[in-house]
Amino acid sequence: TTTTSPKKQPIAKIAIAGVPVRIVVDSGASVNMLDPAAYEAILTKKQIPLAPTKTHIHAFGAPKPLRLRGKFEENSTKRGRFPSWHTIVRILISRR
């Protein structure tokens with residue numbers, strides 16, 4: 001299911017490792033990121049260890065990169081009235 005948030009950002013409900021997660025859809029993004037709370041929600045259902053990452057991500061116009069906790073790869077699915085898909089996604093987790 002895809003909806004629009006109050007700030008006009010498209011929000012989608014997907015499953016990562018079988019756990020429902022709400023994400024902001026950004027088709028122009030070069031990486032997929034989850035906030036720590038979403039990652040912690042996934043951990044309640046499935047232990048997914050984080051691997052170290054050397055990726056450097058800068059928010060638009062920011063001089064310093066975001067602090068990243070690590071990365072993981074996992075199955076992701078989306079079902080609904082829009083085209084369904086199943087894929088493996090590489091996801092970066094930000095630090096609090």
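This report walks through a predicted model of one protein, from its overall layout to selected residues.

## Fold and confidence

The protein has 1 helix and 6 strands. Read from the N terminus, the order is β-β-β-β-α-β-β. The helix, H1, spans residues 36-43. Strand S5 covers residues 68-78, and strand S6 covers 85-94.

Mean pLDDT for the protein is 79, and 81% of the residues score at least 70. Confidence is not even along the chain. H1 has the highest mean, at 88, while strand S1 (residues 2-4) has the lowest, at 52. Where pLDDT is low, predicted coordinates should not be read in detail.

## Burial, surface and contacts

The protein has 96 residues, and 30% of them count as buried. Its accessible surface comes to about 7000 Å². Carbon and sulfur atoms account for 55% of that surface.

Sequence separation in the contacts is also worth a look. Take the contacts between residues at least 6 apart in sequence: 44% of them join residues at least 24 apart.

## Two salt bridges

The model holds 2 salt bridges. One pairs the side chains of Glu40 and Arg69, with an N to O distance of 3.0 Å. Glu40 sits in helix H1 and Arg69 in strand S5, so this pair links distant parts of the chain, 29 residues apart. Both partners are partly exposed: Glu40 has a relative accessible area of 29%, and Arg69 has 32%.

The other joins Lys46 to Glu74, with the closest N and O atoms 3.3 Å apart. This pair also links distant parts of the chain. Lys46 is in the loop between H1 and S5, Glu74 is in strand S5, and 28 residues separate them. The two ends are unlike in exposure. Lys46 is partly exposed at 36% relative accessibility, whereas Glu74 is buried at 11%. Glu74 counts as buried because its 11% falls under the 20% cut-off. The side chains of Glu74 and Lys46 are also listed as a polar contact, again at 3.3 Å.

## Leu50 in the H1–S5 loop

Leu50 lies in the loop between H1 and S5. Leu50 is partly exposed, with a relative accessible area of 27%.

Leaving out residues up to four places away in sequence, Leu50 touches Tyr39, Arg69, Gly70, Lys71, Phe72 and Ile93. Arg69, one of these, is also the salt-bridge partner of Glu40. Lys71 is 21 residues from Leu50 along the chain, yet their C-alpha atoms are separated by 5.2 Å.

## Arg95 after strand S6

Arg95 is in the segment after strand S6. At 42% relative accessibility, Arg95 counts as partly exposed.

Neighbours within four places in sequence aside, Arg95 is in contact with Pro36, Arg67, Leu68 and Arg69. Arg67 is 28 residues from Arg95 along the chain. The C-alpha atoms of Arg95 and Arg67 are separated by 5.8 Å. Arg69 appears here again, as it does among the contacts of Leu50.

## A nonpolar surface patch

Val31, Met33 and Leu66 form a nonpolar patch on the surface. Together, the three have about 200 Å² of accessible area.

Met33 is in strand S4 (residues 32-34). Met33 is partly exposed, at 31% relative accessibility. Patch members need over 30% relative accessible area, so Met33 meets that cut-off with its 31%.

## An unusual backbone angle

Which residue has a positive phi although it is not a glycine? Ala17 does, with a phi of about 55 degrees. Most residues other than glycine have a negative phi. Ala17 is placed in the loop between strand S2 (10-16) and strand S3 (19-24).

## Points to check in the structure

- Glu40 and Arg69: a salt bridge at 3.0 Å, between helix H1 and strand S5.
- Lys46 and Glu74: a salt bridge at 3.3 Å, with Glu74 buried.
- Leu50 and Lys71: C-alpha atoms separated by 5.2 Å.
- Arg95 and Arg67: C-alpha atoms separated by 5.8 Å.
- Ala17: a positive phi of about 55 degrees.
- Strand S1: the lowest confidence in the protein, at a mean of 52.

Technical notes: Residues numbered from 1 in each chain as written. Predicted model: local features only at pLDDT ≥ 70, side-chain atom pairs only at ≥ 80, totals over all residues. Heavy atoms only, no water. Helix = DSSP H or I, 4+ residues; strand = E, 2+ residues; numbered from the N terminus. Buried < 20%, exposed > 50% of the residue type's maximum accessible area, 1.4 Å probe, protein only. Polar contact = N/O pair within 3.5 Å; in protein donor to acceptor, adjacent residues only side chain to side chain. Salt bridge = Lys/Arg side-chain N within 4 Å of Asp/Glu carboxyl O. Contact = heavy atoms within 4.5 Å. Areas by Shrake-Rupley, 256 points an atom, 1.4 Å probe, with all protein chains shown as cover. Patch = residues over 30% accessible without salt bridge, like charges linked within 9 Å, V, L, I, M, F, W, Y side chains within 5 Å. pLDDT = per-residue confidence, 0-100.
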